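The exercises that follow are meant to be worked with the coordinates open, and each task is followed by a solution that proceeds step by step.

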Amino acid sequence: MAILDLANPVRFLSLSARILPWIAGAAVATLAVGFFLAFRAPPDYQQGETVRIMYIHVPFAWLGLFGYSMMAASSIGILVWRHPLADVAHKAAAPVGATFTALCLVTGALWGRPMWGTYWVWDARLTSMLVLLLLYLGLMALRAAIDDPNRAGRAAAVLTLVGFINVPIVKFSVDWWNTLHQPASVFRMGGSTIESSLLWPLLVCAIGFTLLFVALHMLGMRTEILRRRVQALEARAAAEAMA
Amino acid sequence: MSHFVFIAASYGVATLGLGLLAGWLLADYGRQRRALAELEARGIGQRSRRGTGDAP
């Protein structure tokens, strides 16, 4: 059976109904362990206790980028195969990704004030992350502005792929430009520069937030499939009433 | 201002943001389920399911 045959809305509803509670439960359990480890970890030798913000800020940043990358992959599914589940996945990911990106910016500002002396600077990392949030919001606005869902999906897919250029800019901004934001310290050539007593809690929190992202996205996809079914049935009922 | 305030504010904002997102998604899911149940109660959903082979 082709993989595209497996990815149809009816199969997705059936499969997600079974696994969604488990993913949500695993997210809560993993985050509970992650926060326990995060608040038991020693303070950073330079940043002191404010390093606790890292355990939420960094996963929010990763998942903001992950969400957009997933939308870019879905965009290919929309434009090349016109796959309905790709369109559903794309639409449902936008509010989840936007929330994680917004939380990354807010927690970053709250970490920046005690460490840098300012909530915000227009450096390349912070600005490109703000552009990512604006892309998410623009994509949601674009879908809302076009009545025909098929046209809206295709337009949003094209804009997503154009905007994907921002993802490597966010990632490499700290290498390409002189920024106040620190360079990469986890995923970098030569290994992580974070001490393992701080790194492990961060990775557990990142897994927990990833599970939460997947659960919220799956819930959003289920809702979108139901919404489209309701709209189709309402259109059919209206057509039958006129006949 | 104490560093504790910044840590507490970060975790508070994160909890509020994720709570609002989850609440909004759950409310929207409930709305769509109720709308679908209402249509099916009018007999529209059943006709559609027979048509698409989506009957249990």
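**Exercise 1. Identify the buried residues of α6(A) and decide how they are arranged around the helix.**

Solution. In this predicted model, the residues of α6(A) that count as buried are Gly153(A), Ala156(A), Ala157(A), Thr160(A) and Gly163(A). Because they cover an arc of only 130 degrees around the axis, they lie on the same side of α6(A). An α-helix has 3.6 residues a turn, so residues three or four places apart point the same way. The other side of α6(A) carries Asn150(A), Arg151(A) and Val162(A), which are exposed. As for partners, the buried residues of α6(A) pack against α3, α4, α5 and α7 of chain A. The helix itself has 15 residues and reaches 20 Å from its first C-alpha to its last, close to the 21 Å expected at 1.5 Å a residue.

**Exercise 2. Determine whether Leu216(A) and Gly138(A) are buried, partly exposed or exposed.**

Solution. Begin with Leu216(A), whose place is in helix α8 of chain A. With 25 other C-beta atoms within 10 Å, Leu216(A) is buried, because the cut-off for that class is 20 or more. Turn next to Gly138(A), which sits in helix α5 of chain A. Here 16 other C-beta atoms lie within 10 Å, and therefore Gly138(A) is partly exposed.

Sequence separation can then be set beside distance in space. Leu216(A) and Val96(A) are 120 residues apart along the chain, and their C-alpha atoms are separated by 7.0 Å. For Gly138(A) and Val170(A), 32 residues apart along the chain, the C-alpha separation is 18 Å.

**Exercise 3. Describe the largest nonpolar core and the elements that supply it.**

Solution. The core has 66 residues, and those with the most contacts inside it are Cys205(A), Leu212(A), Phe213(A), Ala215(A) and Leu216(A). At least two residues each come from α2, α3, α4, α5, α6 and α8 of chain A together with α1 of chain B, and the largest share, 18 residues, comes from α8(A).

Two of its members can be followed outward, leaving aside neighbours within four places in sequence. Ala215(A) is in contact with Leu20(A), Ile23(A), Ala24(A) and Ala27(A), whereas Leu216(A) is in contact with Val96(A) and, across the chains, with Leu21(B), Ala22(B) and Leu25(B).

**Exercise 4. Characterise the contact between the chains, and then the helix α1(B).**

Solution. The contact takes 31 residues from chain A and 23 residues from chain B. On the side of chain A that touches chain B, α4 and α8 each supply at least two residues, and α8(A) gives the most, with 13 residues. By type, the residues of this side divide into 17 nonpolar, six polar and eight charged.

Chain B comes to two helices and zero strands, and 18% of its 56 residues count as buried. Its helix α1 (residues 3-41) has 39 residues and reaches 57 Å from its first C-alpha to its last, close to the 57 Å expected at 1.5 Å a residue. Buried residues of α1(B) include Phe6(B), Leu18(B), Leu21(B), Leu25(B) and Leu39(B). After α1(B) comes Gly43(B), whose phi is positive, near 90 degrees.

**Exercise 5. Judge where the confidence in chain A is lowest and where it is highest among its elements.**

Solution. Chain A has a mean pLDDT of 92, and 97% of its residues reach 70 or more. Among its elements, helix α1 (residues 3-6) of chain A has the lowest mean pLDDT, 61, and α5(A) the highest, 97. Where pLDDT is low, the predicted coordinates should not be read in detail.

How values were computed: Residues are numbered from 1 along each chain as its sequence is written. Chains are lettered from A and ligands numbered from 1 in the order in which they are written. This is a predicted model: local features need pLDDT of at least 70, side-chain atom pairs count only at pLDDT 80 or more; totals for chains, interfaces and linings use all residues. Two residues are in contact if their C-beta atoms, placed from the backbone, lie within 7 Å. Helices (H or I, at least four residues) and strands (E, at least two) are DSSP runs, numbered from the N terminus. Ala, Val, Leu, Ile, Met, Phe, Trp, Tyr, Cys and Pro count as nonpolar, Asp, Glu, Lys and Arg as charged, and the others, Gly among them, as polar. A residue is buried if 20 or more other C-beta atoms lie within 10 Å of its own, exposed if 12 or fewer, and partly exposed in between; C-beta atoms are placed from the backbone. The expected span of a helix is 1.5 Å times one less than its number of residues. A nonpolar core is a set of buried Ala, Val, Leu, Ile, Met, Phe, Trp, Tyr and Cys residues joined through C-beta atoms within 7 Å. pLDDT is the predictor's confidence in each residue, from 0 to 100. The arc is that of the directions from the helix axis to the C-beta atoms.
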